[in-house]
Each structure stands twice: as C-alpha cells, then as structure tokens.
Amino acid sequence: MDASGKFCYFNVPPKIHIEILGQRFPTDDFSNITPAIISKTASQLHLKHSHPLSTLRELIESAYPDFTHASSVSPLVTPFKNFDELSFPLDHPGRAVTDSYYANRDMMLRTHTSAHEVEMFRKGETKWLLTADVYRRDEIDASHYPIFHQVEGARIFDADGNGLKEVEEDNERLSKVLASANIVIEDVPHISPTNPVQFDHDPVFSELVAKNLKLSLNNLMLKIFGGVAGISKDRPLRVRWIEAYFPFTSPSFEVEVFFQGKWLEILGCGVVRQATLNTASVPNKIGWAFGLGLERIAMVLYSIPDIRLFWSEDSRFLSQFEQGKINVFQPYSKHPSCFKDVSFWLSPNCALHENDFCDVVRDTAGDLVEDVKRIDHFVHPKTKRTSLCYRINYRSMDRSLSNEEVNHVQSQVVTRLKERFAVEIR
Ligand code: PHE
C-alpha cells in the first residue's frame, strides 16, 4: 500500500475483471486475489475421498449425528457477511487488504466459516455443522497456508421454558457420558466480569448454554483425540478452557488439548451474540457456536510435518490414506533446501507489507517455497530509505530442485517485486 492506503502495482496494466469459480468481478483498488489462490478455490479437499481432511471432517460430523451437515458452500462472500453481520468493528484489522483476499470492495473470500452463521440460522437450522475452505493472507512457513479448512458448529434453543428444559436435559446426558470418560478438564467460569453475559440474556440461561457448549466440545475432543496413541488409563486426555474474545460471541472461549507434550490450540467458541440471531430473524433463540481449524489437528493426528502436503497430488502422499482411518504419515523423502536471498530498497511512495511479499513469492513459486523469513531491516541514517532482506527457502515436497530452476524462479520473483512495488534491488 502507499501512504494513502492504496496498493501500487507499477507498470502492471490494471486488469478489468477477474474470474473466480465461474463468476466475473470488476476489479478495483481492493482487488488482491492472485492466480495461485484462484486456481485452488475449487479444490474442496475436505470432500476428497481418503484425504486426511475429509476423514477428519467425517469424524467430527459423526460426533453430531443429529445435526445438519453442510460442506459445499462457495467461498465468495460479501465483506458484510464476513464482518458486519457478525458485529466486527469498522477498524478491525481482519478487514485490511493486507490480511484478507478481495475480488473487489464488494466481494471477498471468506476468512472464517462464521461468515455463514446468519444464513444458516435464517434458513431455520437450529443444529448444524458447516465445513469449508477459508482464506487469509499470511506469512509462509510449515504451518501457515493462505487457504485452510474450518468446521463451524452451532446449536440454538428456544429462549423460553421449553428451551431451558431442553438444555438442562442435554447437559445431564452429556455430563453422564463425560463422567465415565478418560479425560481431565481444566475449566474457567462460564461467565465472569472479563467474559460477561450479554445484557439482553438471562444469566441463568446463558450459563446453561455455555455449559452445554463446553460439554459438547469436551465430548468432541474425546472423539478426536481419545483413541490416539499416548492416551491411556493413567495418561488421560487433558483439555483446557481459556477465556477469549470474539466480536460475535459472549462469553467466549478457546479450547486447548495437551498432545505430544504441547498444548495445542484447537478452536474458538462462545454464546452467540443476540445481534446475530436478530439479524437472522430468529430473535427468540439463544445458543452457541464454535469454529475449528482442520489442518492443525490433522497435522498432529497424522504426523504430517508440512501444511503444503495437504495440497499434494503426489501418489506417495495420497496413497497413504484411507477414508475413515487415521494413520501415521511416512515421509517419502526430504529433498534438499535451496536458500535464496533478495535485498532491496523500498520505494518511498509504495509500502510493502510482509503479506504482499509472500503473495508475490507464492504466485511465482507456488508450493516450491517452504518458508520465507525477513533476515534484515534497516533505515539508512542519512537518506532515511528502508532496506529489507528476505531469505526464501525453496524445497519441493516431491522432487529435488536444480539450482538453475530455482535461480529462474528467483529472478521472476525479483522482476515482479520491481514491477509491483517499485523496489530497488541492492
Ligand atoms: N470464527 C472464529 C475464528 O475463525 C472462531 C469462532 C467461531 C469463534 C464461532 C466463536 C464462535 O477464529
């Protein structure tokens, strides 16, 4: 972006339209979806038979047999749906073009599955799961990829005596299942001064709903992690609840699971903001929602070391998996790394966000890049110009790269950096 907050793509003729999933969008100053991203929007890895993400989706769905299961919803949503309907403030950083992918000012790729909450509730769904691909502009390393998958789950009750009874009965049922399970839970209060009940909620009802959410998710954690290596009678599954903040829930929580010696962040959740339910024309309901990322869980369950592998078409990857089965991934080879540095002076008129740099790299080199690190940053004391140096680690998951090939890709990266951001190579 330049000083006025606009992208500056030097010498690149503006594209009039971009096409995504068969739809054409006129471009404007927000448009930042790259061809590398567009080419993956139809992948639906969570539905690909035998793919780890598909097995994990089904495992989660099996924990909610009486819920509606949605799994093929277009990633194109309005910023209104992704943010405004969910009470995101106008200055929320997630809205920035540096953080999210926009077709133009009016259409974007969803950044989370919560973007579909209002639409699902409006359709009259009261218990549902929705699995989908989500998009965020981010750095490049083994655990970050600009596309990943989330499962959103929600349940709403009638905000009256009948609903109250339904929650109480369900809480009793779920507590019984947990009582005999091999699980240790570190809890926080359902409601607290720092994690408050909503002003338009009955505190007793809200507390019961938060309890229902926690019981339901503790059972889900058992379903996902209870059967895997390392959990035994004297080594129970450890789940920890943490107070959190989301614009569209209150109280809000995060869940972590202790797995292979580390606390792993699993999901965000909370009691749905009444404003969301009012917008969805179901003002007389109260309920909960959660959103969980599939890749991070699949990486530990299957011991998949690099997030790019989920996108691999290599049969040495795909043939290792069977629908419905969780097994340990056997790395077929680790090909050598090839590091290339690029140092440059920034143009005084054109800012370059780290995510812009990573998108140029991704768009040029695709999945040949394992990670990108900024290794130097300084401001010249006299001229006040800024110099940056990035180290790009090229390593294919499938084959050895020749130095010529990497040099060629690197020179394309450099050319695009000069064209789009007017940098001066040092
Ligand atoms: N959408 C949130 C995220 O992506 C997760 C979330 C879902 C939190 C539902 C609360 C309720 O981080």
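Two residues are said to be in contact here when heavy atoms of theirs lie within 4.5 Å. With that in hand, we can walk through this structure, which is a predicted model.

Let us start at Val-272, a residue of strand E12 (residues 262–272). Leaving aside neighbours within four places in sequence, Val-272 is in contact with Glu-117, Phe-121, Gln-198, His-201, Phe-248, Thr-249, Leu-277, Gly-287, Trp-288 and Ala-289. One of these partners, Thr-249, is 23 residues away along the chain, yet the two C-alpha atoms are separated by 4.6 Å. Is Val-272 buried or exposed? Its relative accessibility is 0%, so Val-272 counts as buried.

Now step back to a wider view. In soluble globular proteins, nonpolar side chains tend to be buried together. In this model the largest nonpolar core has 71 residues, and Met-221, Phe-225, Phe-290 and Leu-292 have the most contacts inside it. Helix H6, which spans residues 203–225, gives the most to this core, with twelve residues. Look next at Leu-292: beyond its neighbours within four places in sequence, Leu-292 touches Ile-60, His-149, Gln-150, Val-151, Leu-220, Ile-266, Leu-267 and Ile-297 by the contact criterion. Another core lies apart from the largest one; this other core has 27 residues, including Leu-346, Leu-368, Tyr-394 and Phe-421.

Ile-60, among the partners of Leu-292, leads us to helix H2. This helix covers residues 52–62 and is mostly covered, with eight of its eleven residues buried. The buried ones are Pro-52, Leu-53, Ser-54, Thr-55, Leu-56, Arg-57, Ile-60 and Glu-61. How does H2 sit against H6? The two helices pack at an angle of about 140°, with their axes 9 Å apart, and H2 and H6 are therefore oblique to each other. H2 passes H6 in a right-handed crossing. On the H2 side the meeting residues are Leu-56, Leu-59, Ile-60 and Ser-62, and on the H6 side they are Leu-220, Lys-223 and Ile-224. Sorted by class, this contact has five nonpolar residues, one polar and one charged.

Arg-57 of H2 is buried, and from Arg-57 we can hop to Ser-71. Apart from neighbours within four places in sequence, Ser-71 is in contact with Gln-44, His-46, Leu-47, Arg-57 and Thr-131. You will find Ser-71 in the loop between strand E3 (68–70) and strand E4 (76–77). Because buried means under 20% relative accessible area, Ser-71 counts as buried at 17% relative accessibility.

For the other core, try Leu-388 in strand E16 (residues 386–394). Leu-388 is buried, with a relative accessible area of 4%. Its contacts, with neighbours within four places in sequence left aside, are Val-342, Ser-343, Phe-344, Leu-346, Arg-374, Asp-376 and His-377. Among them, Leu-346 belongs to the core of 27 residues.

Phe-421 is also in that core, and it takes us to a second helix pair. Helix H10 (residues 354–365) and helix H11 (residues 403–421) have axes that come within 9 Å and cross at roughly 135°, which means that H10 is oblique to H11. H10 passes H11 in a right-handed crossing. H10 brings Asp-356, Phe-357, Val-360, Val-361, Asp-363, Thr-364 and Ala-365 to the contact, while H11 brings Val-409, Gln-412, Val-413, Arg-416, Leu-417, Arg-420 and Phe-421. By class, the residues of this contact are eight nonpolar, two polar and four charged.

Key: Residues numbered from 1 in each chain as written. Predicted model: local features only at pLDDT ≥ 70, side-chain atom pairs only at ≥ 80, totals over all residues. Heavy atoms only, no water. Core = buried A, V, L, I, M, F, W, Y, C linked by side-chain atoms within 4.5 Å. Buried < 20%, exposed > 50% of the residue type's maximum accessible area, 1.4 Å probe, protein only. Helix = DSSP H or I, 4+ residues; strand = E, 2+ residues; numbered from the N terminus. Axes fitted to C-alpha atoms, helices over the stretch in contact; angles between N-to-C directions. Parallel < 35°, antiparallel > 145°, perpendicular 65-115°, else oblique. Left-handed = near helix turned anticlockwise from the far one by under 90°. Nonpolar A, V, L, I, M, F, W, Y, C, P; charged D, E, K, R; others polar.
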